[in-house]
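Visitor: I would like to learn how to read backbone outliers, strands and empty space in a model of this kind. Could you take me through them one at a time?

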Amino acid sequence: MEAATQFVVESPNVVYSPEAIEAQYEYQTTRVSRGDSVLKVYPLSTSFTFRTTRRVPRLGVMLVGWGGNNGSTLTAAVLANRLHLSWPTRTGRKEANYYGSLMQAGTVSLGLDAEGQEVFVPFRTLLPMVSPDDLVFDGWDISSLNLAEAMRRAQVLDWGLQEQLWPHMEALHPRPSVYIPEFIAANQSARADNLIPGTRAQQLEQIRRDIRDFRSCAGLDKVIVLWTANTERFCELVPGLNDTAENLLRTIQLGLEVSPSTLFAVASILEGCAFLNGSPQNTLVPGAVELARQHHVFVGGDDFKSGQTKVKSVLVDFLISSGLKTMSIVSYNHLGNNDGQNLSAPPQFHSKEVSKSSVVDDMVQSNPVLYAPGEKPDHCVVIKYVPYVGDSKRAMDEYTSELMLGGTNTLVLHNTCEDSLLAAPIMLDLVLLTELCQRVSFRTDSDPEPQGFHPVLSLLGFLFKAPLAPPGSPVVNSLFRQRSCIENIFRACVGLPPQNHMLLEHKMERPSLKQIGHVAAACHVSSKKELAPAAPNSCIGDTNGHS
């Protein structure tokens, strides 16, 4: 069934104006009180008013590591889609698309039609979103290669596509970047010919000037900065050095230890630009997070969740929620791109090992029937550099679980994943989701002053291996829970109830009761082949209320 491309919510709780969509929403949850021998559960309800600005901005994206495999591939993907390119391959002609993007290629269910069938719409049509084809790119890289040369060095795309993209990417040159040798592998030094000179404070100011220059020259409303450069070693958290915003800024001024990624994060925050960390190191030290809160700027991380870890977050969730006690997880990778070369150094591998290993923690903690307090599965992660395989990463996993009566079950997977072609749509979703969240505000009956999301944008957890969450907030790694969070917040913004998959209409004995509730007005949902006429308050077409 084809996904419909437009819809309007017919409800007195939803108001569409030229400026915004406002929706009244009843958030229902529970609070649990722990007694001596019994848990008491209290249903709670909070009235929210969500407001989403409909006008989408002219959005710029600055990539740190623009000339790397991920940066050049994302730029190429947007250009290929914007130009509607196609190219021959040995299996036939291919056309540019955004497969792998939750926003562009994923769908959500609006509900059931008159025949009891689910009606699906693309994720991107739920709320007004920037079109990826309209994004403007810039960025930094320690390598001076232009984007066409970087694309060719990456060896990710088919030659026929590279040839068509070459004249469009040849004129794109990364700005000089920050290179501190002790934070990345020594084998990266040969690429480092495009550097920002000076002290840490001078480098910070240059990054800020670059952001302002890009915003001004490209005529942008907003800029989002995304780290897709090399994995760094972990930065030690030291009181007085990086534990507060004031101390972190002083550390930069004094030229003490600060990682390049943290420098870019601080510069972005000071310029009012959201910063997203796509690598596993601890870029967003406590001082950077505090600075983001002071400036009301979004930050998110860590480490793109693209291949093996995404599968793990699904499979372990399935095993434990099925009542199987997973006791051993062994994950092996080998890859041959520059990321693999950098990760061949032990300090950088440790950063990746931490982000890959933490992905099962909340799933284990969710089942005290299977696991005693503090008990975890054995979890081993191995990454090897094999130049020949290039960007085509191999991942092999073994999951061993205990069954009833002393039995065991072992699952073994082999996964070949094109690393950058999986990461690029994730980068796209991160940028588009972050920008949308900047246009959403809400208030409650008890707190009528409008507010936005917490600066640590945990909504992005679906896209990160080691998702950051606000202090005191639970960290969720289960992929299905993460996706449901995004979908249900989107639904709340247009006054729709959360998706609960109960389908009670189809589980009742008497057919006469299958249609539950009273529909005040029929809501026509069109297909691509037959578009409905525009309603006065509707969100129309692929632009869904874009102005």
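Visitor: In which loop is D302 found?

Guide: D302 is found in the loop between β12 (299-300) and α9 (308-321), where helices (H or I, at least four residues) and strands (E, at least two) are DSSP runs numbered from the N terminus. This is a predicted model, in which local features need pLDDT of at least 70 and side-chain atom pairs count only at pLDDT 80 or more, while totals for chains, interfaces and linings use all residues. Residues are numbered from 1 along each chain as its sequence is written, and side-chain values use heavy atoms, with hydrogens and water left out.

Visitor: What should I look for in the backbone there?

Guide: Most peptide bonds are trans, and most residues other than glycine have a negative phi. Here the peptide bond that joins G301 and D302 is cis, with an omega of about -5°. D303, found in the loop between β12 and α9 as well, has a phi near 75°, a positive value in a residue other than glycine.

Visitor: Are D303 and H501 buried or exposed?

Guide: Buried means under 20% relative accessible area, exposed over 50% and partly exposed in between, with a 1.4 Å probe and protein chains only. D303 is buried, at a relative accessible area of 2%, whereas H501 counts as exposed at 59% relative accessibility. H501, placed in the segment after α14 (479-493), also has a positive phi, near 60°.

Visitor: Why can strand β13 be called largely enclosed by the rest of the structure?

Guide: Strand β13 (residues 325-335) is described in this way because eight of its eleven residues are buried. To read its partners, note that two strands pair if DSSP finds at least two bridges between them. Nine bridges join β13 to strand β15 (residues 392-402) in an antiparallel arrangement, with K325 opposite E402; eight bridges join β13 to strand β14 (residues 378-385), and these two run parallel, with Y332 opposite V382.

Visitor: How is empty space found, and how many cavities of 30 Å³ or more does the structure hold?

Guide: Rolling a probe the size of a water molecule over the atoms shows where empty space is left. On a 1 Å grid over the protein atoms alone, a cavity is a set of points where a 1.4 Å probe fits but cannot get out, a pocket is an open set with protein on both sides within 12 Å along at least five of seven lines, and lining residues have an atom within 4 Å of a point. Grid points are joined across faces, edges and corners, and a volume is the space filled by probe spheres set on the points. The structure holds three cavities of 30 Å³ or more, and the second largest has a volume of about 40 Å³. Its lining includes L127, F453 and F490, and the largest share, three residues, comes from α14.

Visitor: What is the volume of the second largest pocket, and which residues lie closest to its centre?

Guide: The second largest pocket contains about 1200 Å³ of space; of the 35 residues that line this pocket, Y27, S458, L459, C485 and I489 are the closest to its centre. α14 gives the most to the pocket lining, with seven residues.
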